[in-house]
Amino acid sequence: MKILVLAKHVPDTETVIKITSGGKAIDEADFKYMVNPCDEYAMEEAIRTQEKFKGESIVVSVGPSRAQETIRKALAMGIDRGVWINTEGFSSYLDSFTIASAIAKVVAEEKPDLIFAGLNTTDEGAGNVGPMVAEFAGMPSLVNISKIEWQNEGKSLKCERDVEGGVVEVYEAQLPLLIAPHQNLNDPRFPSLPGIMKAKKKPIAEKKASELITEKAKVEVKNYKLPPEKAPGKIFKGKPVEEMVVEVAKLLRSEAKVI
């Protein structure tokens, strides 16, 4: 089985976001980066599936040179090799459409049986790239999957997806297929020291985004704006509880407008 996993290098979740003068860009000068947390579940499931059915695994990441850090972590966890779509020098805005179209060309070249993608990203949070890649590649996609049961010696599967109200949806599908795991599907492993050492020797193929992206982005960013600061909270004390409850209820209705 040939497995491809998508992974993104994103700003650390504790990064303080700053916007440049005029709101035209985000100031990344003091940013620290990390592997997108949802992509770690995709990596883990790719490795587990490979351990079960053998074959080859490939991680694909789109971004500047720092994206190779995410690729190296995937290789240290157990992925066999990497493909880096280098965006350095690519001046146009990269939206979900252009990123997915670039990855789809790698998919067409690699011809994987199975693709794992993160459910979402912590930076833009659109959750579009995985399903778009599947659409471009002409394969079905299943997102938010919390359980997988393999059938027919890895040629098909039955999986579960949790939805609102405690309802569980059950799907049956055949490969090729793209799956975006829910965090309940597995617990991502930590790279071992031997894995980190082996990762240094595993190959990473570089592809230029400018050669893969031939269409314009569907989204244009006009400006960036930080959300308004939250109003200070109110503390109620010094009165009987009954009176404070009535006062809180009035404020929830008149000011917060939540009841």
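# Working through the fold

Pro 232 counts as exposed, with a relative accessibility of 74%. The cut-offs: exposed is over 50% relative accessible area, buried is under 20%, and partly exposed is in between, with a 1.4 Å probe and protein chains only.

Some ground rules first. This is a predicted model, where local features need pLDDT of at least 70 and side-chain atom pairs count only at pLDDT 80 or more, while totals for chains, interfaces and linings use all residues. Residues are numbered from 1 along each chain as its sequence is written, and side-chain values use heavy atoms, leaving out hydrogens and water.

**Exercise 1. Place Pro 232 in the chain, and say how far it is from Leu 94 in space.**

Step 1: Pro 232 sits in the loop between helix 6 (209-212) and helix 7 (241-254). Helices (H or I, at least four residues) and strands (E, at least two) are DSSP runs, numbered from the N terminus.

Step 2: Pro 232 and Leu 94 are 138 residues apart in sequence, and their C-alpha atoms are 37 Å apart.

**Exercise 2. Sum up the whole protein: its elements, its span, its burial, its contacts and its charges.**

Step 1: Count the elements, and you get seven helices and 13 strands.

Step 2: The C-alpha trace spans about 70 × 45 × 40 Å along its principal axes.

Step 3: There are 259 residues, and 37% of them count as buried.

Step 4: Take contacts (heavy atoms within 4.5 Å). Among those with a separation of 6 or more, 70% come from residues 24 or more positions apart.

Step 5: The 36 positive and 38 negative charges have mean positions 2 Å apart. Here Lys and Arg are positive, Asp and Glu negative, and His and the chain ends are not counted; each charge is placed at NZ of Lys, CZ of Arg, CG of Asp or CD of Glu.

**Exercise 3. Check the length of helix 1, then list its buried residues.**

Step 1: Helix 1 covers residues 37-53, which is 17 residues. The expected span is 1.5 Å times one less than the number of residues.

Step 2: That rule gives 24 Å, and the end C-alpha atoms are 25 Å apart, so the two agree.

Step 3: The buried residues of helix 1 are Asp 39, Glu 40, Tyr 41, Ala 42, Met 43, Glu 44, Glu 45, Ala 46, Ile 47, Thr 49 and Gln 50.

Step 4: Just past the helix comes Lys 54, with a positive phi near 65 degrees.

**Exercise 4. Is Thr 70 buried or exposed, and what does it touch?**

Step 1: Thr 70 belongs to helix 2 (residues 67-77), and at 0% relative accessibility it counts as buried.

Step 2: Leaving aside residues up to four places away in sequence, Thr 70 touches Ala 7, Lys 8, His 9, Met 34, Val 35, Met 43 and Ser 61.

Step 3: Now follow one partner, Met 34, into strand 5 (residues 33-35). Met 34 is partly exposed, at 23% relative accessible area, and outside that same four-place window its contacts include Lys 8, His 9 and Thr 70.

Step 4: Thr 13 also touches Met 34; the two are 21 residues apart in sequence and 8.4 Å apart, C-alpha to C-alpha.

**Exercise 5. How do the buried residues of helix 4 fall around its axis, and what covers them?**

Step 1: In helix 4 (residues 129-137), the buried residues are Gly 130, Val 133 and Ala 134.

Step 2: Looking down the axis, they fall within an arc of 100 degrees, so they line one face of the helix. The arc is that of the directions from the helix axis to the C-beta atoms.

Step 3: As a reminder, an α-helix has 3.6 residues a turn, so residues three or four places apart point the same way.

Step 4: The cover includes strand 1 (2-6), helix 3 (96-110), strand 8 (114-116), strand 9 (141-151) and strand 12 (177-181).

**Exercise 6. Which peptide bond is cis, and where does Asn 144, with its positive phi, lie?**

Step 1: Recall that most residues other than glycine have a negative phi, and most peptide bonds are trans.

Step 2: The bond from Leu 175 to Pro 176 is cis, with omega near 5 degrees. Pro 176 is in the loop between strand 11 (168-174) and strand 12.

Step 3: Leu 175 is partly exposed at 21% relative accessibility, and its contacts beyond four places in sequence include Met 1, Leu 114 and Trp 150.

Step 4: Asn 144 is in strand 9, is buried at 17% relative accessible area, and has a positive phi of about 65 degrees although it is not a glycine.
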